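Me: I am new to this structure and would like to learn how to read its features one at a time. Could you take me through them slowly?

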Amino acid sequence: MALCPELGFNVDHGYLEGLVRGMKAGILTRSDYHNLAQCDTLEDMKLHLQSTDYGRLLSSTGEDLTVSLVDSMLRQNLLAEFSCLRSNALAPLSTFLDYITYSFMIDNVVMLITGALKQRDVAELLPRCHPLGAFDQMAAVGIARTPTELYSAILVDTPLAPFFQDAVSESNLDEMGAEILRNKLFKAYLESFHSFCKNIGGATKDIMCPVLEFEADRRAFIITVNSFGTDLSGADKYALYPTCGKLYPEGLRLLAKAEDHDQVRAVADYYPDYKIVFGDPDPGSNSRTLEDRFFEQEVKLNILAFLQQFHFGVFYSYFKLKEQENRNIVWIAECVTQRQKSKIDNYIPIL
């Protein structure tokens, strides 16, 4: 059995894998996006979404539709789908699903830390936290007012303690910028998640390791580009790069030395997967940002995950695709609200 884990996969995880594959069939298609882009109001968008798997999601509130309300309802829908899967999962799938929530948890904790150190009211911050990254003692982090209290609250009350211990010490918590802290936490998180998937082995390792390596390298490129014009030294940048990607080690060393976009592009040219991202844009897609191009490649990778069976990668890929779908809907809603029809097609189609 150990030599062929696929033989026993369906005993514990087959039902949930089938369920998530069925859920993936409800992801919006290009024709759905085309119809949404023709809408003139948020009410029109709501009517169209009623004919999809979203059903009457946006009709379940008595409030007038706004973009922020649409975003909130989409997040709650994502949480409901995740909770359904998580509550029925057995180990090691349950741990794998927990890892998916840690990325949202990092964003929430960084926002709460920044707010707490700036003496912001926790009641104002909590509604802005992503529900998929919520944890029982989240308010305790927001209530803490000194670096010592914050450090203790995070180590005691959150599952992020292992990443936090590796990333930051109590003494420099209040001196560290929010983005530096976020990048340090994501570095520890991605390396831990990559190691976990590697240890599971089998098809999960074959699917998930390349996806996480892509995410690690994406963060390295974005950190480098965002560092231009700042005080970050090459050593500082290198310390923020996740080391579980294809760029490690030589590509990361070259990125740390890069001082402009051309030097970053030169590093990407050594790697076919990233040369595409930094290549000349297709006609008609001039407005695509670097981040959008990475998202496009990420969507392609996550769709490929569904071509194999008996692995956990479909769960990660499904929620990544739903995240992108939510961004697309919110983008279209923003353009409809602001009457920016010329930019409405700048979403990233999935299917």
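**Reading the features**

Reply: Let us begin with F310, which is partly exposed, with a relative accessible area of 29% (buried means under 20%, exposed over 50% and partly exposed in between, with a 1.4 Å probe and protein chains only). This is a predicted model, in which local features need pLDDT of at least 70 and side-chain atom pairs count only at pLDDT 80 or more, while totals for chains, interfaces and linings use all residues. Residues are numbered from 1 along each chain as its sequence is written, and side-chain values use heavy atoms, with hydrogens and water left out.

Me: What sign does phi have at F310, and where is F310 found?

Reply: Most residues other than glycine have a negative phi, and most peptide bonds are trans. F310, although not a glycine, has a positive phi of about 60°, and it is found in the loop between α16 and α17 (helices are DSSP runs of H or I with at least four residues, strands are runs of E with at least two, and both are numbered from the N terminus). R339 also has a positive phi, of about 55°; R339 lies in the segment after α17 and counts as exposed at 61% relative accessibility.

Me: Which peptide bond leading to P92 is cis, and where does P92 lie?

Reply: The bond from A91 to P92 is cis, with omega near 0°, and P92 lies in the loop between α4 (67-86) and α5 (93-117). The bond from Y248 to P249 is cis as well, with omega near 0°, and P249 is found in the loop between α12 (234-240) and α13 (250-257).

Me: How many disulfides does a search of the whole structure find?

Reply: A disulfide is a covalent bond between the sulfur atoms of two cysteines. The search of the whole structure finds zero, where a disulfide is taken as a pair of cysteine sulfur atoms within 2.5 Å. The sulfur of C335 is 12 Å from the closest cysteine sulfur, in C39, which is too far for a bond. C335 is buried, with a relative accessible area of 5%.

Me: Which residues of helix α2 are buried?

Reply: In α2 (residues 30-37), the buried residues are D32, Y33, L36 and A37. They cover an arc of only 135° around the axis, so they sit on the same side of α2 (the arc is that of the directions from the helix axis to the C-beta atoms). What covers these residues includes α3 (42-49) and α17 (313-337).

How values were computed: Contact = heavy atoms within 4.5 Å.
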